[in-house]
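Here is a friendly tour of a model with two chains in contact. Have a look at the structure first, and then we can walk through it together.

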Amino acid sequence: MSVKLASESTFRRIVDTIFSAATAEHTFISFGDGESSTLRFANNQVAQNVSVREPSVSVRVAFGKKVGSASTNRLDTASLTTMVRQAETIARLAPEDPEYLPPLPKQDYMRVPSFRDSTASVSPMELAKRTKPVIDQCARNNLVGAGILSNGVSARGVAASSGLFGYAQSTESEFSLTATAGDSSGWTFNGHRDIDALDIAARTKRAVDKALQSKEPRELPAGHYPVILEPAAVAGVFGPFFFAADAKSYYKGNSPFVGKVGSTVLDSRLTVRTDPTHPDLLGDSFDGSGLSVRPIVWIENGVLKQLYYDRFTAKEHGVEPTPRPSAPVMSFSGPTVGSIDELIAGTKRAVLITNFWYIRSVDPKDLTITGMTRDGTFLVEDGKIVAGVKNFRFHDSPMRCFQQVDAATAPMESITMERGKMMLPAVRLPDFHLSSVTKF
Amino acid sequence: MSERNSINRREFIHVAAGTAAGLYLGGCSMSRPFADLPAGAMGPAPKGDWPELAQLALSRVKAGGCSYGDIRLLETHNQSVRAEDRRISSVGERFDSGFGIRALYNGAWGFAASADFTPAEVERTAERAVEIARASHILMQSPVKLADEPVHRDRIKTAFKVDPFTVPLEERCNLLLNACEIVHKEKGIIRSNGSLWTQRDIKHFASTEGTVLDFDLLAVGGGFGATAKNEDDFQSREFSVPFIRSGYEHITAADFVSQAPRVAAQAVEKVNSKQPTPGKFDLVLDPAHLSLTIHESCGHPTELDRALGYEANYAGTSFMTPDQLGKLRYGSKHVNLVADNTRQGAMASTGYDDDGVAGQRWAIVEEGVFRGYSTNREVAGSIGENRSRGSCRADSWSSVPIVRIANIGLEPGSETRDSLIADVKDGIYIEGRGSFSIDQKRYNFQFGGDAFWEIKNGKRGAMLKNVIYNGITPEFWNSCDGVADRKHWQEHGFINCGKGQPGQSGWMTHAASDARFRQVNVINPKA
């Protein structure tokens, strides 16, 4: 990247400027700086190529339980002082917030290896050079490629008048490809701290193969099917768990998990945890409030163990607050197979689903959701992919369809347009509700 | 629209400080006429040294050998107040400013953006835009050719009566707290929420072609909701004030307090209601509901960049391909969908877009036949049009402009809501927006709603819950056999339309009168 990020000492200077301007009882500061470049291609050529530098700082101040917030992306003393004044003006006028809690005390943060020089050193020209073989491979196979290759560096900081202080730098890169040919398509997506770990060549081949294999798709009737969900599809169906597992809704009564903490909610061989230091995930050492992250087991052997407790709800119930779920890993403790290909090989008949799209809540009471299959949906018979099939809409709930897992792989990298990076197995489920068919 | 549960850095900052803008989705039953200023009459002066910085950037872009370049300098001021369960859960104020520079080098685009308004950084950013365009050039197959547009020099200002930034915070907090308090008086209500949102954008646009535009744009929105619970279910009901380019008078007129008892009572009635037996029903859909149907099933598939494959990796493509123009029977003869970026108050009515193209009005669907697309200067020529439709927008200084849905609305017909209902034997009336999902080519959709009533023998009856209908876009619009008249016409603004990589939020307004659709498939999602 061409830019020098705000260093820890720069952040400390910003913090000192804000603290010396502040008159409130509590002051909490959140800071970010970064530059990211995204090369976007479509129709086998470049479509957009952008580079953005974005600093930002925000402050939340409180007089007693009267709270105000303000943010700016200008880091000079006058702008920072103005921001503090605005937040304090708001706080003086705002009604008391009965749920307000003072900033966290100083935290001990675990070390998360979030910065990779390999990613930081890549220029826009280098992004273009790494994209070229992807486009060439699509063109050689008479496919049309669309996708992105991006890299970014960023710095985050939190600080508070309580002594809380955290600063970290990180890198992130993403590669995605949708290869299409008239009536067929194949897709891949990866995101990683290390741009060299994106596995661009192998992933390109997989997307190209899917596009070639899914030509002249058959139409299957809507209904209940055994399915093989690739990790991205597991992310699509299981992802809503992390939105729904919050303790406040649980205690107020509008949660799908009312009465279910400590009960079996999934196949008893499934365990879901968050692992912030996992080398292939995008964990950070602290969350938005400055709370130190830690490994957490959410579901253990199918039993719901943990909800997300915001600080107020945690205090009300006498438990530790939980950092926002990030860096999730789902694992299967039964016998696993080595790859998606082996999962296919061991299947009599199933619909193989690469990815889901436009996933939305239908009934929050039991976590029923809907969405469409996208970019690689196949019929598997007698251990082989026999045809591409037209895409389905589904209606199901992770709390229903993961009651029984027939087979699974070890956790694999997964990131989608709608879900962040996770480690998830590919699974075969005996019953999944593919509720209608579309025209392609 | 889409979501990601890993928040990006920009979101992190706002979430951390509790200043996230209230992205409010929902229906509402009001809209207002606007007495706006003519464009250019009393527009704003550009900020300080912005014109000089703009010309400095453009001179660097030209010196880099580029055939076209433009710069947008932008200052955004956003305020939000949020309420939850009888408390104000956050009050936030956000200032965000910076500039974005586009450079077109031998037909290949580069874009760079920065928040540092010093001349040296403006030059660095302009040079980076050129460097990026040169990198793009090695992956270029066919050069970008921009459709011609006259050179414009103009100043645009949103008309308003009451500047929302001057309304005392106490008054805004009390508005939400009062609505929440009333909601909680209803037995069975367990949760409440509310939000008020406003944003002002001051923008200076300049291009190497000589166009210079200054903007002072304002928008407001808000609403509240209630969640009711009984022994075995919980359900919500919303009241939302559609996003609009106007002032605080729009919020005042919505009268939250007098709406609150109805909203709470309907939440309770809804949770205690039945769900329909699945099957074919005639549906009468209200304007708030239709605004989302139009957005998803007409707005997105008629974005020309999607139809050309630009969004194949993210937002998707379109079944409405250019070879279908003038041929595709999209809907029945009652279906007239018109794009209008000149209508005052609508979210995409900004005088000019981020290509510097003037706002226009044109047909998307005429008496059921597919007639037009939303376009920008880059893609207009690919369907033989010699001028862009002026639908190119970026969501901030740091985002590159892309094709965006225009203010597409369903033209009024000659019916009334009552006459539409009177001619239904066994049907459902749907108000507001609920669960929605559609495939990436925009054929297979499902929509819910915010509130549902059964229609029996021409009369609206008891409330229903969990109504979900599913269909295929052209079959659905071809089943439309009546649209209510202009008296029923309402406008509903959006600010959270997701598209692009990196992702951007689009703003536009969809207007409609109530309309009737015959024999639509109402499903049981848990069958």
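Domain bounds here come from an automatic or database domain assignment. On that basis chain A is divided into domain 1 (8-211) and domain 2 (217-437), and the C-alpha centres of domain 1 of chain A and domain 2 of chain A lie 25 Å apart. The contact between them takes 30 residues from domain 1 of chain A and 28 residues from domain 2 of chain A, where two residues are in contact if their C-beta atoms, placed from the backbone, lie within 7 Å.

Please keep in mind that this is a predicted model, in which local features need pLDDT of at least 70 and side-chain atom pairs count only at pLDDT 80 or more, while totals for chains, interfaces and linings use all residues. Residues are numbered from 1 along each chain as its sequence is written, and chains are lettered from A and ligands numbered from 1 in the order in which they are written.

Two sides of chain A can be set out by residue class. Ala, Val, Leu, Ile, Met, Phe, Trp, Tyr, Cys and Pro count as nonpolar, Asp, Glu, Lys and Arg as charged, and the others, Gly among them, as polar.

| Side | Nonpolar | Polar | Charged |
|---|---|---|---|
| Domain 1 of chain A, touching domain 2 of chain A | 11 residues | 12 residues | seven residues |
| Chain A, touching chain B | 31 residues | 41 residues | 19 residues |

The contact between the chains takes 91 residues from chain A and 80 residues from chain B. On the chain A side, strand S2 (residues 45-53) of chain A gives the largest share, nine residues. Helices (H or I, at least four residues) and strands (E, at least two) are DSSP runs, numbered from the N terminus.

Strand S4 (residues 66-72) of chain A is a good place to zoom in. Seven of its seven residues are buried, a term for residues with 20 or more other C-beta atoms within 10 Å of their own, C-beta atoms being placed from the backbone. A:Lys66, A:Gly68, A:Ala70 and A:Thr72 point one way, and A:Val67, A:Ser69 and A:Ser71 the other. In a regular strand the side chains alternate between the two faces of the sheet.

Which strands pair with S4(A), given that pairing needs at least two DSSP bridges? Strand S3 (residues 56-63) of chain A runs antiparallel to S4(A), joined by seven bridges, and strand S2 (residues 87-105) of chain B runs parallel to S4(A), joined by three bridges. A:Ser69 stands opposite A:Arg60 and has B:Gly92 as its bridge partner in S2(B). Two residues lie between the strands in the hairpin of S3(A) and S4(A), where A:Gly64 takes a positive phi near 60 degrees.

Over in chain B, helix H3 (residues 119-137) has 19 residues. Its buried residues, including B:Ala129 and B:Ala133, pack against S2 and helix H4 (124-140) of chain A, as well as helix H2 (50-63), S2 and strand S3 (108-114) of chain B.

B:Ala129 and B:Ala133 are also among the residues with the most contacts inside the largest nonpolar core, which has 280 residues. Such a core is a set of buried Ala, Val, Leu, Ile, Met, Phe, Trp, Tyr and Cys residues joined through C-beta atoms within 7 Å.

Terms used:
A residue is buried if 20 or more other C-beta atoms lie within 10 Å of its own, exposed if 12 or fewer, and partly exposed in between; C-beta atoms are placed from the backbone. Two strands pair if DSSP finds at least two bridges between them. The expected span of a helix is 1.5 Å times one less than its number of residues.
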